[in-house]
Amino acid sequence: MTVVTVHHAKTHLSKLIAAAERGEEVVIARGDKPAVRIVPFEPKFTTPVAPRFGALREEGRFDDSFFAPLPEEELRLWEGRED
């Protein structure tokens with residue numbers, strides 16, 4: 001484990017990042033009290049996931065009323081009319 005002060009970390013940040021990427025544990029301390037640890041970033045997904053056609057096929061169902069015209073009152077509200 002490598003423990004360095006904030007001043008040293010500001011001066012040698014690139015080297016400390018490289019050490020963390022190699023798997024070394026790097027800790028930055030304020031005075032004699034450890035404050036933070038530098039760790040390598042681990043992405044949630046390693047490769048982009050292409051969207052699949054039909055992936056949401058089972059997520060929602062619409063009956064015929066979905067395609068029916070809106071009632072006049074609701075249409076007026078959507079259009080912002082003050083009739």
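Me: Buried means under 20% relative accessible area, exposed means over 50%, and partly exposed is in between, with a 1.4 Å probe and protein chains only. Where does Phe-67 land, buried or exposed?

Reply: Phe-67 is exposed, because its relative accessible area is 66%. One caution: this is a predicted model, so local features need pLDDT of at least 70 and side-chain atom pairs count only at pLDDT 80 or more, while totals for chains, interfaces and linings use all residues. Residues are numbered from 1 along each chain as its sequence is written, and side-chain values use heavy atoms, with hydrogens and water left out.

Me: Thanks! How many aromatic pairs are there?

Reply: There are 2 aromatic pairs, where rings of Phe, Tyr and Trp (its six-membered ring) pair if their centres lie within 6.5 Å, and planes under 30 degrees apart are stacked, over 60 edge-to-face and the rest tilted. Phe-62 and Phe-66 make a tilted pair, because their ring centres are 4.3 Å apart and their planes stand at 40 degrees. Phe-66 also pairs edge-to-face with Phe-67, at 5.0 Å centre to centre and 85 degrees between the planes.

Me: And which residues make up the cluster?

Reply: Phe-62, Phe-66 and Phe-67 form one aromatic cluster. Phe-62 counts as exposed at 58% relative accessibility, and Phe-66 as partly exposed at 49%.

Me: Changing topic: what's the order of helices and strands?

Reply: Along the sequence the pattern is β-α-α-β-β-α, giving 3 helices and 3 strands. Those are DSSP runs numbered from the N terminus: helices are H or I with at least four residues, strands E with at least two.

Me: How do the strands line up in the sheet?

Reply: The 3 strands form an open sheet in the order β1-β2-β3, with mixed pairing; two strands pair if DSSP finds at least two bridges between them. β1 and β3 are at the edges with a single partner strand each, so one side of each has no neighbour in the sheet. On average, neighbouring strands are turned by 35 degrees against each other, direction ignored.

Me: Which way do β1 and β2 run, parallel or antiparallel?

Reply: Parallel: 4 bridges join β1 (residues 2-5) to β2. Val-3 has Val-27 as its bridge partner in β2, and Val-4 has Ile-28.

Me: What about β2 and β3?

Reply: β2 and β3 (residues 33-38) pair in the antiparallel sense over 5 bridges, and Arg-30 is bridged to Lys-33 in β3. The two strands form a hairpin with 2 residues between them, and Gly-31 in the turn has a positive phi of about 65 degrees.

Me: Why is β2 largely enclosed?

Reply: 4 of its 5 residues (26-30) are buried, so β2 is largely enclosed by the rest of the structure.

Me: Which helix lies across the sheet strands?

Reply: Helix α2 (residues 13-21) lies across β1, β2 and β3, running at about 135 degrees to β2. Axes are lines fitted to C-alpha atoms, for helices over the stretch in contact (heavy atoms within 4.5 Å), and angles run from 0 to 180 degrees between N-to-C directions.

Me: Last one: what share of the protein is buried?

Reply: Of the 83 residues, 13% count as buried. The C-alpha trace spans about 70 × 35 × 20 Å along its principal axes.
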